[in-house]
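Here is a brisk report on one model, taken element by element. Keep the structure open while reading.

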Amino acid sequence: MRGSEHRETPSTARTRLTTDAAALGLRTVRVPTAVGVVSVRVGDRRGPVATVFLHGAAGSWTTWTPLLEEAARSGAPLPDVVAFDIPGWGESESPRDGVDIVRTTTAVLEVIERLGYRRSVVVGHSLGGALALDLAARAPEMTDGVVLVSPSGAAAFDAVRRPIRGGLRLPGLAGMLLAMRFLRTLGGAAAGFLRRLERAGLLRVLSSPLFAAPRDIDPSVIRALAAEIRPAAFVAAARAAAAYDESSWRGIRCPVRAVQGDRDVFVGEGDAAALSAAIVDFRETTLDGVGHFAAIERPAAVLALMKRVVADVSARRPR
């Protein structure tokens, strides 16, 4: 089935990020790969299918902790979690030969296989959504299903390739890229500058376009942004997106489900239609009153979508 699935209305809740993997039943594993050492948080292995989480630019594995905590509160913790710090962010090393989408997904595949999994359901946020789709296109035998959370789509790719025309379509992303290029000129001083902005309360103001209700965002989320913005890596990721050929997504045959907020300034109006035209089994859910971080702003809704995907792929699997 193609096309848009449905809209969901908001509920009010403040969610926080945590850096305590053990509190979530996870442990840290560092895996050598072709692009450097990759850090992942993994749960107990219970089955043959990994639940892989790929965060976006200016994030880390902690992006997913509201969703993981929501699952634990529901009495059904997610099994076989493999939550990545993608190369260049979190505790993972920066790629030796620069940021590249295909090399990054190759490293993700190396890690999944080293952990003993041969199949996965992949959940990707923003840039991590593009990585998830690349995985599904290049390793279909290992990808049972994909969940896209506020994914980088056609409009975002256009904005990094054609800054003037694309920037008019997504001024929020164009402004973010300009800010990242400025911060990159500060070199090593950028991290301290961002921490000062965060302590002064200015980073919450500057990051407000990312969220539908910025005043309701927990301070832990803003602290994580201050730590993970990494301007040089962000600009390199934009260049990698500009060079990437997303036409490979036309070969994806596994179910792909997307969720985005109706106030997401990084998603273009035609993004869902472009994905629907490329991917045979694609559907989208729009969440009212949500910005670019749906898994933080509405973790219960994203979790429910994930569970539907897992149930769907489980039903399709040969007995």
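## Helix α4

In α4, the buried residues are Ala155, Ala156, Phe157, Asp158, Ala159 and Val160. The model is a predicted one. Helix α4 spans residues 154-161 and is mostly covered, with six of its eight residues buried. Helix α4 also supplies at least two residues of the lining of the largest pocket.

## Strand β6 and its partners

Strand β6 covers residues 119-125. Six of its seven residues are buried, so the strand is largely enclosed by the rest of the structure.

Strand β6 pairs with β4 and with β7. Strand β4, residues 49-54, runs parallel to β6 and is joined to it by six bridges. In this pairing, Leu54 stands opposite Gly124 of β6. Strand β7, residues 143-149, also runs parallel to β6, and six bridges join the two. Here Gly124 stands opposite Leu148 of β7. Between β6 and β7 the chain passes through helix α3, residues 127-138, in a right-handed β-α-β crossover.

## Thr51 in strand β4

Is Thr51, a residue of strand β4, buried or exposed? Its relative accessibility is 7%, under the 20% cut-off, so Thr51 counts as buried.

What does Thr51 contact, once neighbours within four places in sequence are left aside? The partners are Pro79, Asp80, Val81, Val82, Val121 and Met306. Val121 falls within the residue range of β6.

## Val259 in strand β8

Val259 belongs to strand β8, residues 256-261. Its relative accessible area is 2%, and Val259 is therefore buried.

Residues up to four places away in sequence are again not counted. On that basis, Val259 touches Leu148, Val149, Ser150, Pro151, Thr285, Leu287, Val302 and Leu305. Leu148 is the residue of β7 that stands opposite Gly124. The C-alpha atoms of Val259 and Ala272 are separated by 9.9 Å, and these residues are 13 apart along the chain.

## Helix α7

Helix α7 spans residues 189-199. Buried residues in α7 are Ala190, Gly192, Leu194 and Leu197. What do the buried residues of α7 pack against? They pack against α6, α8, α9 and α10. After α7 comes Gly201, with a positive phi near 80 degrees.

## The largest pocket

The largest pocket holds about 690 Å³ of space. Its lining has 40 residues, and the closest to the pocket centre are Met176, Leu177, Met180, Phe234 and Phe266.

Which elements each supply at least two residues of this lining? They are α3, α4, α6 (171-185), α7, α8 (202-206) and α10. Helix α6 gives the most, with nine residues. By class, the lining has 31 nonpolar residues, nine polar and no charged.

## Cavities

How many cavities of 30 Å³ or more are there? The count is three. The largest has a volume of about 80 Å³. Its lining consists of Ile86, Pro87, Trp89, Val99, Asp100, Ile101, Thr104, Leu127, Leu131, Ala237 and Ala240. Helices α2 (101-114), α3 and α10 (231-243) are the elements that give two or more residues to this lining. Nine of the lining residues are nonpolar, one is polar and one is charged.

The second largest cavity contains about 70 Å³ of space. It is lined by Leu17, Ala58, Gly59, Ser60, Thr62, Thr63, Val221, Ala224, Leu225, Glu228, Phe293 and Ile296. Helix α9, residues 219-228, gives the largest share of this lining, four residues. Seven of the lining residues are nonpolar, four polar and one charged.

## Elements that recur

Some helices appear in more than one of these settings. Helix α3 carries the crossover from β6 to β7. Helix α3 also gives two or more residues to the lining of the largest cavity, and at least two to that of the largest pocket. Helix α10 likewise contributes to the lining of the largest cavity and to that of the largest pocket. The buried residues of α7 pack against α10 too. Helix α9 is another element they pack against, and α9 gives four residues to the lining of the second largest cavity.

Key: Residues are numbered from 1 along each chain as its sequence is written. This is a predicted model: local features need pLDDT of at least 70, side-chain atom pairs count only at pLDDT 80 or more; totals for chains, interfaces and linings use all residues. Side-chain values use heavy atoms; hydrogens and water are left out. Buried means under 20% relative accessible area, exposed over 50%, partly exposed in between (1.4 Å probe, protein chains only). Two strands pair if DSSP finds at least two bridges between them. A crossover is right-handed if, with the strands pointing away from the viewer, the path from the first strand over the helix to the second runs clockwise. On a 1 Å grid over the protein atoms alone, a cavity is a set of points where a 1.4 Å probe fits but cannot get out, and a pocket is an open set with protein on both sides within 12 Å along at least five of seven lines; lining residues have an atom within 4 Å of a point. Grid points are joined across faces, edges and corners, and a volume is the space filled by probe spheres set on the points. Ala, Val, Leu, Ile, Met, Phe, Trp, Tyr, Cys and Pro count as nonpolar, Asp, Glu, Lys and Arg as charged, and the others, Gly among them, as polar. Contact means heavy atoms within 4.5 Å.
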